[in-house]
Amino acid sequence: MPLSLLSARVLCIRPIGVTSDFCPVCRQERRFRLAQAERKRYFLCFDQGREGHPHHELTCTVCACKVVRPAEERPIEILPDPKSCDTNEPKMLPIVQSRIRDCMALEAALQEGRLQGEDRAEMIRHTIYGFARIYDEEPFERVKPWVMMLMVITIVSIAVLGVWSMQRSGHYLPLVSAGGAIVVILMALLYWVTKHSPRKRVRTWLAMALLPLEPTREEIRKARAEMQASRIKAGYAIRSDKVLAKMRKLKAGGV
């Protein structure tokens, strides 16, 4: 915690519009909320600039799953005002429509039992790569340093007030109350992370997307090995056994 207050790497998300793409969970073309995501380095709560290149984060308006796409697919010279992002729809490169058509064709082949060989392997690969950047995230990476600083100041203030009140009153109740307030604050932070950090839900989305494809452990490992060779951290973060276990759990639950 102290180090993160001095120097932090934060993923900043800015809504920029709406778009269409293939949803790997819904398994059809859907409308998505479009946002630009870029990692920034903060030192003492001051923005030190961007790290790497921005990418686009797409959130399905039906199932709420998030996928990542290259920013180059929907080039934007000037980012729109977030207040008008609900009506802004950036122009897509032809490759996006081509990919949507290809995914729809592969999905039709899957439904008809014709998806085999390289086509099936490509659909598994495409699905895993769509969630790769989310696997790279740390759970607290979307929390701004000033929020963490404010929480630390609040917690320290409550603790000091609790000790002071206990010493003045001679009872432990103020200290117990202060401890309870601190627990509530920490639980609120964990709740926010659980609700807003896709890293907490990405394995479920990936398992739901892979479920109809029924990949083997080796097929998932092959995609992971390809990521590792390309130095994509998700190749190490994705665990074949855990993804397959989540798939079995979803299948048992009737998903």
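Trainee: How many helices and strands does the protein chain have?

Mentor: This is a predicted model, in which local features need pLDDT of at least 70, side-chain atom pairs count only at pLDDT 80 or more, and totals for chains, interfaces and linings use all residues. Residues are numbered from 1 along each chain as its sequence is written, and side-chain values use heavy atoms, with hydrogens and water left out. The elements are DSSP runs numbered from the N terminus, a helix being H or I over at least four residues and a strand being E over at least two. In these terms, the elements run α-β-β-β-β-α-α-α-α-α-α-α-α-α from the N terminus on, and the count for the protein chain is 10 helices and four strands.

Trainee: In what order do the four strands form the open sheet?

Mentor: Two strands are taken as paired if DSSP finds at least two bridges between them, and here the pairing is antiparallel. The edge strands, each pairing on one side only, are β1 (7-23) and β4 (66-70). From one strand to the next the twist averages 30°, with axes fitted as lines to C-alpha atoms (for helices over the stretch in contact) and angles running from 0 to 180 degrees between N-to-C directions. The order of the strands in the open sheet is β1-β2-β3-β4.

Trainee: How many bridges join β1 to strand β2?

Mentor: β1 and β2 form a hairpin with four residues between them, and R27 in the turn has a positive phi of about 65°. Along the pair, S7 has F43 of β2 as its bridge partner, C12 has E38, and T19 stands opposite F32. β2 covers residues 28-43 and runs antiparallel to β1, and the number of bridges joining them is 16.

Trainee: Over how many bridges do β2 and strand β3 pair?

Mentor: Strand β3 spans residues 46-60 and pairs with β2 in the antiparallel sense. One opposed pair places Y42 across from D47 of β3. The pairing of β2 and β3 extends over 10 bridges.

Trainee: Is V18 buried or exposed?

Mentor: V18 is found in strand β1, which is largely enclosed by the rest of the structure because 12 of its 17 residues are buried. Leaving aside neighbours within four places in sequence, V18 is in contact (heavy atoms within 4.5 Å) with R31, F32, L34, C85, D86, N88, E89 and P90. Buried means under 20% relative accessible area and exposed over 50%, with partly exposed in between, using a 1.4 Å probe and protein chains only. Because its relative accessible area is 15%, V18 is buried.

Trainee: Which strands does helix α2 lie across?

Mentor: Helix α2 covers residues 94-111 and runs at about 70° to β1. P94, which lies in this helix, counts as exposed because its relative accessibility is 64%. The strands that helix α2 lies across are β1, β2 and β4.

Trainee: Is E137 buried or exposed?

Mentor: E137 lies in the loop between α4 and α5 (145-169). Not counting residues up to four places away in sequence, E137 touches L11, R39, E57, R142, S197, P198 and R199. Because its relative accessibility is 5%, E137 counts as buried.

Trainee: How much space lies in the largest pocket?

Mentor: The search uses a 1 Å grid over the protein atoms alone, where a cavity is a set of points at which a 1.4 Å probe fits but cannot get out, while a pocket is an open set with protein on both sides within 12 Å along at least five of seven lines. Grid points are joined across faces, edges and corners, and a volume is the space filled by probe spheres set on the points. By this procedure, the space in the largest pocket is about 520 Å³.

Trainee: How many charged residues are in the lining of the largest pocket?

Mentor: Lining residues have an atom within 4 Å of a point, and of the 26 that line the largest pocket, the closest to its centre are V68, R69, P70, Y129 and R133. At least two lining residues come from each of β2, β3, β4, α3 (117-130) and α4 (132-135). Ala, Val, Leu, Ile, Met, Phe, Trp, Tyr, Cys and Pro count as nonpolar, Asp, Glu, Lys and Arg as charged, and the others, Gly among them, as polar. The lining then holds eight nonpolar and five polar residues, and its number of charged residues is 13.
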